[in-house]
Amino acid sequence: MQRVSVSKISDYTDQEVTINGWLYNIRSSGKLMFPEIRDGSGIIQGVVVKSAVSERVWEDFSKLTQESSIKVKGTVSKHPKKEGVFELQINDVEIIQIAEPYPITPKEHGVEFLMDRRHLWLRSPRQVSILRVRNEIIQTIRDYMYDNGFILFDTPIFTPNACEGTSTLFSTEYFDMGKAYLSQSGQLYAEAGAMALGKVYTLGPTFRAENSMTRRHLTEFWMMEPEMAFYDIDDDMDLIEDFLENVVQRVLKNCRKELELLGRNVSKLENVKKPFPRITYDEAIEILIKKDIPLIRKTSNGEEQIRPFPWGEDFGAPHEEAIVEDFDKPVMVHRWPAEAKSFYMKRDPSNPKIALGVDVLAPEGFGEIIGGSQREDNFAELEKRIIEHQLPLEEFQWFLDLRRYGSVPHSGFGLGIERMVNWICNLENIREAIPFARRPNRITP
RNA sequence: UCGACAGUAGCUCAAUGGUGGAGCAUUCGGCUGUUAACCGAAGGGUUACAGGUUCAAGUCCUGUCUGUCGAGCCA
């Protein structure tokens with residue numbers, strides 16, 4: 001007896017097989033039953049004919065509830081009405097467990113209800129599809145990096161200081177050494193890796209204690225950060241472009257079914273091919289001015305609209321949207337006002353007010369998916385920046401060492417895995433892009 | 001943290017300030033090709049919580065809690 005997975009069922013036409021799985025749904029029609037069985041790889045409709053099975057089998061199926069675990073035996077046949085669809089003519093069943101009444105019915109539910117039962121919600125076809133796409137994205141990243149000579153370089157999660165000195169971090173007691181913080185980025189350590197191995201990447205969880213309650217934020221999320229020695233900002237953008245094209249095209253190739261189930265308009269993804277638009281911050285501002293999008297600044301008695309958009313300010317959601325809407329590919333915005341960016345970014349040699357950073361904005365309004373830059377490689381400049389940003393100089397001595405001993409131009413970027421999933425799957429909220437989302441108001445299940 | 005909106009049966013939602021309903025789920029019955037199957041019946045309620053206005057509050061007012069969306073922060 002062959003034990004087969006539903007995804008491989010078409011290879012077994014007219015053969016008797018066993019499928020191990022769960023009852024997804026069942027319809028009965030007097031002397032006929034149509035149980036739908038899912039096994040993680042797919043869902044298949046079974047057919048139980050009362051006159052063709054033993055009384056015991058018929059009664060067993062009458063008892064089954066949604067999500068009961070079973071082993072079913074039957075013959076694979078073509079669906080009489082649907083082309084290319086297979087079903088299982090069932091002749092035997094072994095009940096592993098009859099499930100208690102299952103809370104998630106095949107009807108509509110609200111988000112809170114589903115998130116409270118996330119451990120069960122994961123079984124639904126939509127969630128299974130998203131997680132398969134997530135798997136494909138991560139596998140593609142690993143393959144791409146490996147094939148292009150990058151070395152996986154795991155960075156620590158406990159860190160003694162605020163890496164970039166900006167966002168709020170989670171803290172915990174670290175023995176008698178005071179406070180430790182959960183890493184918000186592996187970048188600084190990856191820079192050490194790049195000086196040792198040339199091209200490295202880190203892929204792991206990162207943590208932000210910001211109280212961000214939006215459709216694009218998690219408190220715990222996965223980030224992929226490559227770091228390359230002897231790469232300038234333009235090399236960095238070349239890599240981003242090639243990398244993103246590679247990931248999107250492979251997901252399209254290997255996850256068609258999943259994307260279709262999710263209702264994803266795949267033609268928009270098919271379009272994601274090199275070259276991507278590259279615009280400078282200055283050019284982006286021109287777009288904002290042309291479209292008359294003001295800077296909105298909060299004041300004591302409300303908001304104030306400033307136009308034309310002043311040079312030096314960072315972009316908010318409406319600005320990103322306006323910049324992206326004319327393009328059908330990810331847009332790379334580069335060469336930012338230094339004041340709006342992190343301390344470690346290298347200044348443009350031709351204009352010290354400019355930092356050699358790049359943000360990649362996904363199309364269709366999904367927002368920033370990548371932030372990258374060329375790093376400051378000059379010892380004196382970097383030390384000055386650390387002091388200016390009032391960061392603890394002692395904690396950064398090792399980081400400065402990278403500029404003391406054989407400093408070279410180097411660059412890298414950070415890609416938010418969940419934001420990538422969010423975009424490729426066309427999700428409404430990022431909480432569906434990770435098995436167990438952590439947000440400011442949720443830590444369970 | 002700020003702003004907008006919401007909270008009614010297990011779930012998704014109705015209900016002019018005047019006797020709280022429906023579909024699904026559950027239980028029982030029917031149906032030999034069903035597709036969120038269908039048909040019939042039954043059970044199921046402290047209307048988030050605390051106050052207030054009113055002859056009368058699910059409905060109006062105040063506060064609290066919870067959630068969703070948006071802003072800021074960012075990947």
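## Salt bridges, a small sheet and a buried helix face

In this predicted model, the side chains of Glu-364 and Arg-264 meet in a salt bridge, with 2.9 Å from N to O. The pair joins distant parts of the chain, 100 residues apart: Glu-364 lies in the loop between β18 (351–362) and β19 (367–374), and Arg-264 in the loop between α7 (256–261) and α8 (266–270). A salt bridge here is a side-chain nitrogen of Lys or Arg within 4 Å of a carboxyl oxygen of Asp or Glu. Helices (H or I, at least four residues) and strands (E, at least two) are DSSP runs, numbered from the N terminus.

Residues are numbered from 1 along each chain as its sequence is written, while chains are lettered from A and ligands numbered from 1 in the order in which they are written. Local features need pLDDT of at least 70, side-chain atom pairs count only at pLDDT 80 or more, totals for chains, interfaces and linings use all residues, and side-chain values use heavy atoms, leaving out hydrogens and water.

The whole structure holds 31 salt bridges. Three of them are listed here.

| Pair | Closest N and O atoms |
|---|---|
| Glu-364 and Arg-264 | 2.9 Å |
| Glu-241 and Arg-278 | 3.3 Å |
| Lys-346 and Asp-377 | 2.9 Å |

Burial is judged by relative accessible area: buried means under 20%, exposed over 50%, and partly exposed in between (1.4 Å probe, protein chains only). Arg-264 counts as buried because its relative accessibility is 5%, whereas Glu-364 is partly exposed, with a relative accessible area of 32%. Glu-241 is buried at 7%, and its partner Arg-278 is partly exposed at 29%. Lys-346 and Asp-377 are both buried. Salt bridges with shared partners join Lys-346, Glu-376, Asp-377, Glu-381, Lys-384 and Arg-385 into one network.

Another buried acidic residue is Glu-136, at 12% relative accessibility, in helix α4 (residues 125–147). Apart from residues up to four places away in sequence, Glu-136 touches Arg-250, Val-251, Asn-254 and Cys-255, where contact means heavy atoms within 4.5 Å. Glu-136 and Leu-252 are 116 residues apart in sequence, yet their C-alpha atoms are 9.8 Å apart.

Helix α9 (residues 281–290) has the buried residues Tyr-281, Ala-284, Ile-285, Ile-287 and Leu-288. They lie on the same side of α9, because they cover an arc of only 155° around the axis; the arc is that of the directions from the helix axis to the C-beta atoms. Their cover includes β13 (278–280), α10 (317–324) and β16 (331–337). Just after α9, Asp-292 has a positive phi of about 60°.

Three strands form an open sheet in the order β8-β10-β9, with antiparallel pairing. Its edge strands are β8 (158–159) and β9, each pairing on one side only. Two strands pair if DSSP finds at least two bridges between them, and β8 and β10 are joined by two. Thr-159 has Tyr-181 in β10 as its bridge partner.

On the surface, Phe-158, Tyr-174, Phe-175 and Met-177 form a nonpolar patch with about 510 Å² of accessible area together. Patches are made of residues with over 30% relative accessible area and no salt bridge, with like charges joined within 9 Å and nonpolar side chains (Val, Leu, Ile, Met, Phe, Trp, Tyr) within 5 Å. Accessible areas come from the Shrake-Rupley method with a 1.4 Å probe, and for residues only the protein chains shown count as cover. Met-177 is in the loop between β9 (171–173) and β10 (179–182), and counts as exposed at 65% relative accessibility.
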